[in-house]
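Open the model in your viewer and keep the sequence panel in sight. This tour goes stop by stop: what to select, then what is there.

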Amino acid sequence: MQRPQIAVSGGLYTSRMRYGAGYFMGNRAIVFVTTDAPRAAFGPGSRGGNFDTMLWPLQYSMHCMGFSVLPPFIFYGVQGYPYS
């Protein structure tokens, strides 16, 4: 059984295999997020938080592994099926 790769030092990145020399160099990554609140509920100082701040650790981690990180795509106001 092959050991799964994890995003820790030595797994998907090393001191030499980061950023422009990372394992995922040449690949793009994007984060998709859905919310049940409208766009007005998000942003600096808003009750829903600021996606630039909330997603930064994830996006920077992908960048560190060599991905070209695209801006996040956020679906605001997605309503699920009612529980009845």
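A residue counts as buried when its relative accessible area is under 20%, as exposed when that area is over 50%, and as partly exposed in between. By that rule, 26% of the 84 residues of the protein are buried. Keep in mind that this is a predicted model.

**Whole chain**

Start with a cartoon view. The protein has 1 helix and 4 strands. Follow the chain along the sequence and the pattern reads β-β-α-β-β. Now switch on the surface. The accessible surface comes to about 6600 Å². Carbon and sulfur atoms account for 58% of that area. Then consider contacts between residues at least 6 apart in sequence: 64% of these join residues at least 24 apart. Several stops below show such links.

**Stop 1: Val-33**

Select Val-33 in strand 2. Is Val-33 buried or exposed? Its relative accessible area is 16%, so Val-33 is buried. Show the neighbours. Leaving out residues up to four places away in sequence, Val-33 touches Phe-51, Leu-55, Phe-73, Ile-74 and Phe-75. Draw a distance from Val-33 to Phe-75, C-alpha to C-alpha. The viewer should give 6.1 Å, for two residues 42 apart along the chain.

**Stop 2: Phe-32 and Phe-73**

Next, show the aromatic side chains. The whole structure holds 9 aromatic pairs. One of them joins Phe-32 and Phe-73, with ring centres 5.9 Å apart and 45° between the planes. Why does this pair count as tilted? Planes under 30 degrees apart would be stacked and planes over 60 edge-to-face, so the 45° of this pair makes it tilted. The pair links distant parts of the chain: Phe-32 is in strand 2 (residues 32–34), Phe-73 is in strand 4 (residues 73–75), and 41 residues separate them. Check the surface at both ends. Phe-32 is exposed, at 52% relative accessible area. Phe-73 is partly exposed, at 40%.

**Stop 3: the nonpolar patch**

Keep both rings selected and add Ile-30, Leu-70, Phe-75 and Val-78. Together with Phe-32 and Phe-73, these residues form a nonpolar patch on the surface. Their joint accessible area is about 510 Å².

**Stop 4: Thr-35**

Move on to Thr-35, in the loop between strand 2 and helix 1 (51–64). Thr-35 has a relative accessible area of 9%, so this residue is buried. What does Thr-35 touch? Beyond residues up to four places away in sequence, its contacts are Phe-42, Phe-51, Ile-74, Phe-75, Tyr-76, Gly-77 and Val-78. Zoom in on Gly-77. Its backbone nitrogen lies 3.2 Å from a polar atom of the Thr-35 side chain.

**Stop 5: Gly-77**

Centre on Gly-77 itself, in the segment after strand 4. Gly-77 is partly exposed, at 33% relative accessibility. With residues up to four places away in sequence set aside, Gly-77 touches Thr-35, Asp-36, Ala-37 and Pro-38. Draw the C-alpha distance to Pro-38. Gly-77 and Pro-38 are 4.6 Å apart in space and 39 residues apart in sequence.

**Stop 6: the helix**

Turn to helix 1 and select Gln-59. Is Gln-59 buried or exposed? At 16% relative accessibility, Gln-59 counts as buried. Its contacts, not counting residues up to four places away in sequence, are Val-31, Val-69, Leu-70, Pro-71 and Pro-72. Leu-70 also belongs to the nonpolar patch from Stop 3.

Now select Thr-53, also in helix 1. Thr-53 is exposed, at 55% relative accessibility. Its C-alpha lies 9.2 Å from that of Gly-43, which is 10 residues away in sequence.

**Stop 7: Tyr-19 and its cluster**

Finish at Tyr-19, in the segment before strand 1 (28–29). Tyr-19 is partly exposed, at 28% relative accessibility. Select Trp-56 and Tyr-60 as well. Ring pairs link these two and Tyr-19 into a cluster. Last, check the backbone angles. Most residues other than glycine have a negative phi. Tyr-19 is not a glycine, yet its phi is positive, at about 50°.

Terms used
Residues are numbered from 1 along each chain as its sequence is written. This is a predicted model: local features need pLDDT of at least 70, side-chain atom pairs count only at pLDDT 80 or more; totals for chains, interfaces and linings use all residues. Side-chain values use heavy atoms; hydrogens and water are left out. Rings of Phe, Tyr and Trp (its six-membered ring) pair if their centres lie within 6.5 Å; planes under 30 degrees apart count as stacked, over 60 as edge-to-face and the rest as tilted. Helices (H or I, at least four residues) and strands (E, at least two) are DSSP runs, numbered from the N terminus. Buried means under 20% relative accessible area, exposed over 50%, partly exposed in between (1.4 Å probe, protein chains only). Patches are made of residues with over 30% relative accessible area and no salt bridge: like charges are joined within 9 Å, nonpolar side chains (Val, Leu, Ile, Met, Phe, Trp, Tyr) within 5 Å. Accessible areas come from the Shrake-Rupley method with a 1.4 Å probe; for residues, only the protein chains shown count as cover. A salt bridge is a side-chain nitrogen of Lys or Arg within 4 Å of a carboxyl oxygen of Asp or Glu. A polar contact is a pair of N or O atoms within 3.5 Å; within protein, one must be able to donate a hydrogen and the other to accept it, and residues adjacent in sequence count only if both atoms are side-chain atoms. Contact means heavy atoms within 4.5 Å.
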